[in-house]
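Welcome, and please get your viewer ready. We will go from stop to stop, selecting a few residues at a time.

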Amino acid sequence: MSITRSIRTPIMHRAVEAGGFVFLGGTIADDTSVSMGEQTRNILGKIAGYLKEAGTDKSRVVSASIFVTDLSKKKEMDAAWTEFFGDNLPTRATVGVADLGGGALIEVVVTALKG
């Protein structure tokens, strides 16, 4: 099985392709001073771009792990999530964490089928 790494950052490759899947590393919002909903929308937009660069799209996302610092704001995240994915909702785990650094309220990791 071949492994292809793309979208290099100083500390990781944002996308790794293996076994017919695209694995995206954790993504946070560019502007962490905005609401949970706005951070989620920004992250999902970035993820859409990463998926396109890796040769797939949001309709092929099969799984997501979401880390949030304030579960009381989960409804804002859920609204942005369903707007983005529509009827193609992937499986998902949402985990409350103490801190994500840099003021981020949410970090999202996704796995998608290639193609």
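**Stop 1: a buried phenylalanine**

Begin by selecting phenylalanine 85. This is a predicted model, and in it phenylalanine 85 has a relative accessible area of 4%, so it counts as buried. Now add phenylalanine 84 to the selection. The rings of phenylalanine 84 and phenylalanine 85 form an edge-to-face aromatic pair, with 4.8 Å from centre to centre and 90 degrees between the planes. Phenylalanine 84 is buried too, at a relative accessible area of 15%.

**Stop 2: one turn away**

Next, select tryptophan 81. Tryptophan 81 and phenylalanine 85 both belong to helix H2, where four residues, about one turn of the helix, set them apart. Is tryptophan 81 buried or exposed? Its relative accessible area is 2%, so tryptophan 81 is buried.

A pair of aromatic rings is described by how far apart the centres are and by the angle of the planes. By this rule there are three aromatic pairs in the count. Tryptophan 81 and phenylalanine 85 make a tilted one, at 4.7 Å centre to centre with 50 degrees between the planes. Show Trp81, Phe84 and Phe85 together and you have a cluster linked by ring pairs.

**Stop 3: charges over the rings**

Keep those rings on screen and add lysine 58. Its charged end sits over the ring of phenylalanine 84, 4.5 Å from the ring's centre. Then add arginine 92. Which ring does arginine 92 lie over? Arginine 92 lies over the face of tryptophan 81, 5.4 Å from the ring centre.

**Stop 4: the nonpolar core**

Tryptophan 81 also leads us to the next stop. The largest nonpolar core has 25 residues, and those touching the most other members are Leu24, Ile47, Ile66, Trp81, Ile106, Val108 and Val110. To see where the core comes from, colour the elements that give two or more residues to it: strand E3 (21–27), helix H1 (36–53), strand E4 (61–68), helix H2 (74–85) and strand E6 (106–113). Which of these gives the most? That is H1, with six residues. In soluble globular proteins, nonpolar side chains tend to be buried together.

For a closer look, select isoleucine 106 and show its contacts. With neighbours within four places in sequence left aside, isoleucine 106 is in contact with Thr27, Ile28, Met36, Gln39, Thr40, Ile43, Ile66, Phe67, Val68, Met77 and Leu100.

**Stop 5: the strand E1**

Go now to isoleucine 7, which has its place in strand E1 (residues 3–8). Most residues other than glycine have a negative phi. What is the phi of isoleucine 7? It is positive, about 55 degrees, although isoleucine 7 is not a glycine. At 17% relative accessibility, isoleucine 7 counts as buried.

Strand E1 also holds threonine 4. Threonine 4 counts as partly exposed, at 39% relative accessibility. Leaving out residues up to four places away in sequence, threonine 4 touches Ala15, Val16 and Glu17. If you draw a distance from threonine 4 to valine 16, C-alpha to C-alpha, you should get 5.7 Å, for two residues 12 apart in sequence.

**Stop 6: a loop arginine**

Select arginine 60 in the loop between H1 and E4. Arginine 60 is partly exposed, at 30% relative accessibility. Which residues does arginine 60 touch, not counting those up to four places away in sequence? They are Thr111, Ala112, Leu113, Lys114 and Gly115. Leucine 89 is 29 residues from arginine 60 along the chain, and their C-alpha atoms are separated by 9.6 Å.

**Last stop: the whole chain**

Clear your selections and zoom out. The chain has two helices and six strands, and its order along the sequence is β-β-β-α-β-α-β-β. The C-alpha trace spans about 40 × 35 × 20 Å along its principal axes. A compact globule of 115 residues would have a radius of gyration near 13 Å, and the chain agrees with this at 14 Å.

How much of the chain is buried? Buried residues make up 36% of the 115. Among contacts with a separation of 6 or more, 67% are between residues 24 or more positions apart. To finish, turn on the surface: the accessible surface comes to about 6100 Å², and 54% of it belongs to carbon and sulfur atoms.

How values were computed
Residues are numbered from 1 along each chain as its sequence is written. This is a predicted model: local features need pLDDT of at least 70, side-chain atom pairs count only at pLDDT 80 or more; totals for chains, interfaces and linings use all residues. Side-chain values use heavy atoms; hydrogens and water are left out. A nonpolar core is a set of buried Ala, Val, Leu, Ile, Met, Phe, Trp, Tyr and Cys residues joined through side-chain atoms within 4.5 Å. Buried means under 20% relative accessible area, exposed over 50%, partly exposed in between (1.4 Å probe, protein chains only). Contact means heavy atoms within 4.5 Å. Rings of Phe, Tyr and Trp (its six-membered ring) pair if their centres lie within 6.5 Å; planes under 30 degrees apart count as stacked, over 60 as edge-to-face and the rest as tilted. A charge sits over a ring if NZ of Lys or CZ of Arg is within 6 Å of the ring centre and within 35 degrees of the ring normal. The radius of gyration is taken over C-alpha atoms; the globule rule is 2.2 Å times the number of residues to the power 0.38. Accessible areas come from the Shrake-Rupley method with a 1.4 Å probe; for residues, only the protein chains shown count as cover.
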